[in-house]
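Colleague: I am new to reading models of this kind. Could we go through this one in questions and answers?

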Amino acid sequence: MSNFGILCKTEFKKILCKKAIWITLVLGLAFILVADMSDILFNESYYYGDLKVPIAQIERMGIENSKEVNGKPMDEAFYERFRLQMSDELEAQKDNPAVLNDPSSLDAGYPGFWPVAELTGNSWFVQNEIRRIGASNDERYNLLMKGSVEEIEAAKRNKLEINVTYDCPKEDEADYWMSRYDSIPKPYIYSYGHGYYKYFSSSFVTIWLSFLIILIGLAGSFADENTFRTDALILSSRYGRKRICRAKLLVGLCFSVISTMVIMIICFVIPMLVYGAEGWNTPVQNALIGCAFNMTIGQAVILTFVFGILVSLLWGSTVMLLSFGFKNIVPVMAIHAAALMLSVFNLPDSMGIISQIWALKPAYFVYQGMFMEYRLFNIAGLLINNLQMAAVVFILVTVISVVATARFYRNVQVASR
Amino acid sequence: MELVIDRLSKQYNNKIAVDRLSLKLKSGVVGLLGANGAGKTTLMRMICGILKPTGGTITFNGMDVSEEMFRDALGYLPQDFGYYPNFTGKEFLLYMAALKGIERNAARKKCDVLLKTVGLDHAANKKIKTYSGGMKQRLGIAQAVLNDPKILILDEPTAGLDPKERVRFRNLIAELGKDAIVILSTHIVSDVEHIADRILLMKDGQFVFDGTLDDVGMDLEEFYMQHFEEDEEGEQYE
């Protein structure tokens, strides 16, 4: 092993011997597991009169029921099959008043609509469909139970257009999204995307955990040398200016990416095991309603991992820059924690470009919301969506942080303590 | 082999820590004496290239001390010797060896020899946080001489050592001084008295004495205390 290899190995050791990293990782993963799967882990059930339906059973029925139609077009036959299942089950439950009088189904004039959807393994499909169509429950249920494929698809397009137009005041921005949506082959190819939905929706917590691990691991990357008073020894040694800095930066960035990838893979595999992994090559709209991108679920998953890498590099590099600048872990942690807390808040669209830039907050990416941000950046007449802009900005900030740290480190001095 | 310091100054805000020092050093042990705040540590940091002077230059065999090749010839034990508590003594030395550019196999052999020399071979695989103050100091001395330095800067190297260890390290430093420039800063006058070929007395950022033990012409401790007394008298008048 070369000297640079030994320096890198030692830097890794310095990071990994921090107990707080392992404690945070174990607690964080346990929290994600419980938060994601609590209804199944704790064997929760729905009750319709004397009829008890465990949620785990509803999921199993959903997976079983979708096996026949996974990867098939959502054509007339598809909807006919669904409607037949619903009417057969309704007939079977006609003597169960708890099902028929279910309050969530009555308002639209379809008694038993939700319990029957659950009992037939159609609950995820129904949830996904009705969120994409109509303005009222009446309209939604009628479309789903009686509408033609063309009517349902027109309703989906219409609802998306309303949302896009609401978010994008300029016509060319709305056109940008609708042209992408229109390029998706119709009818849609169906898949049971509940597992992917769980992954996309829980990845917000995933990225927070990843952030905490990076912060704990790297806040001391340069500051600890001052705390442990090893800076004088390092800086007076042959490789104590350039190589050690390169080793620290390389290890810090690798640690950021590896830790984030490990957490993301774990958080991806769990819902795949529980809800199934069908639908990798089907349109992302099976898992993410309101997404206007013409991409498959698989492409969207890969994009979250790509952004996981970019965001982790961004965090890793800025944490190291501040660790170098402050020579103390407390302000590094305080600044990043404050930034992360602030990122929970959104700025109103009326603030224009400021709110658009604010929407590029890193924690927002690697999360389902990143696929449903409709506002565009107009740069010299070229429309750029938030994913493209975020990728450029994240890479740029990472490069600036790394170069700045390396440049400043070369001239660092050991003054009085 | 020559270390040349030319009109070296360091100023912190309104305080002049080192005031236009000029000096030429050749191989041998140089004892640097002075009260707290005299500027000894600042001077040594500047010689090590870890603190930039406000003015003046320091060169070693014509090389500026900011160059990588100078650091290759340098061994340094700072006054506040730092370490990684979770590292073992051997891991720490191997890390320092990698920082000093020593090849892996050579580093392993050198570490084993040095750990034995400083009497830490039995504790080589124990974490440094379990070491006593004296053991840590011995580890610090070992890391300073890992690369067979041509210029060795030792800031209070015998602090925390028991009398027997101090004598051992005095002899080791004297041995190193045969082939290298050793600058030894200490408050323990007897250490300087025993091994220094040249004595520098520092006060208010300047050398107030530069000579050999023979030039002192009296007991070194007494000579040193005279300067302190002058200091104290001066402070009283102020």
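Colleague: How much area does chain A expose, and what share do carbon and sulfur atoms supply?

Modeller: This is a predicted model, in which local features need pLDDT of at least 70, side-chain atom pairs count only at pLDDT 80 or more, and totals for chains, interfaces and linings use all residues. Residues are numbered from 1 along each chain as its sequence is written, chains are lettered from A and ligands numbered from 1 in the order in which they are written, and side-chain values use heavy atoms, with hydrogens and water left out. Accessible area here comes from the Shrake-Rupley method with a 1.4 Å probe, and for residues only the protein chains shown count as cover. Chain A exposes about 18,300 Å², and the share from carbon and sulfur atoms is 65%.

Colleague: What percentage of the residues in chain A are buried?

Modeller: A residue is buried at under 20% relative accessible area, exposed at over 50%, and partly exposed in between (1.4 Å probe, protein chains only). Chain A has 417 residues, and the buried share is 54%.

Colleague: How many residues of chain A are in contact with chain B?

Modeller: Contact means heavy atoms within 4.5 Å. On the side of chain B, 34 residues take part, and on the side of chain A the number is 31.

Colleague: Which three residues of chain B supply the most buried area against chain A?

Modeller: Buried area is the accessible area (1.4 Å probe) that two parts lose on being put together, summed over both. The two chains bury about 3,000 Å² between them, with 58% of it on carbon and sulfur atoms. Of the area that chain B buries against chain A, 22% comes from three residues, more than from any other three: B:Ile50, B:Arg71 and B:Leu99.

Colleague: Why is chain B called as compact as a globular protein of its length?

Modeller: Helices (H or I, at least four residues) and strands (E, at least two) are DSSP runs, numbered from the N terminus; chain B has nine helices and 10 strands. The globule rule is 2.2 Å times the number of residues to the power 0.38, and the radius of gyration is taken over C-alpha atoms. For 238 residues the rule gives 18 Å, and chain B is as compact as a globular protein of that length because its radius of gyration is close to that, at 18 Å.

Colleague: Which residue follows helix α1 of chain B?

Modeller: Helix α1 of chain B covers residues 40-48, and nine of its nine residues are buried. Among them are B:Leu43 and B:Ile47. The residue after α1(B) has a positive phi, near 80°, and is B:Gly49.
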